[in-house]
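User: I'm new to reading protein models and would like a close look at one part of this one. Could you pick out the main core and walk me through what surrounds it?

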Amino acid sequence: MTRRTTPSPLLIPPDSELAESPFVAMDFETANRLSGVSACQMALVRVADGVVTDELDTLIKPPSGWDHFEFTYLHGIGPDEVRDAPSWPAIADQVRDFVADVPVYAHNAAFDRGVWAQLDEFFLSLIHISEPTRPERIS
């Protein structure tokens, strides 16, 4: 009988790295599949030595034209929930400060990295934020 082992994905840090280094875990929810610009919630958790040390969880009001809520049935967020929520430019500095210079990890890194990049690109093009907020590497 041959023993099968599951290869370890290269993007998942070893337990020792997660336990020793401060890092941020993050997640986005989007209103629809059109673009990451439709982000309607972002959650960030800072972890140091295996302990949650800080949290930032905020609804986000998608810009007009990106605010069709297709995924309310999944996450429960709709137009009423984000009516008075801040826009991405209103929270960009707070997000940048929260992440600082620590590694950022996400359950669905490809999706979350894309949402973050699309938000920055969209609002940078409108000059609503002064510099990108997304860290270089999200694993």
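Analyst: Here's a walk from the overall fold to the core and then to one charged residue beside it in the story. The model is predicted, so local features need pLDDT of at least 70 and side-chain atom pairs count only at pLDDT 80 or more, while totals for chains, interfaces and linings use all residues. Residues are numbered from 1 along each chain as its sequence is written, and side-chain values use heavy atoms, leaving out hydrogens and water.

The protein chain has five helices and four strands (DSSP runs: H or I of at least four residues for helices, E of at least two for strands, numbered from the N terminus). Of its 139 residues, 40% count as buried, meaning under 20% relative accessible area with a 1.4 Å probe, protein chains only.

Now the core. A nonpolar core is a set of buried Ala, Val, Leu, Ile, Met, Phe, Trp, Tyr and Cys residues joined through side-chain atoms within 4.5 Å. The largest one has 21 residues, and Met26, Phe28, Met42, Leu44, Trp88, Val95 and Trp116 touch the most other members. Strand 1 (23-30), strand 2 (39-48), helix 4 (88-99), strand 4 (104-106) and helix 5 each supply at least two of its residues. Take Val95: skipping residues up to four places away in sequence, Val95 touches Met42, Leu44, Leu56, Trp88 and Trp116 (contact is heavy atoms within 4.5 Å).

Helix 5 (residues 109-125) also holds Asp112. Beyond neighbours within four places in sequence, Asp112 contacts Met26, Asp27, Phe28 and Ala106.

Methods: Buried < 20%, exposed > 50% of the residue type's maximum accessible area, 1.4 Å probe, protein only.
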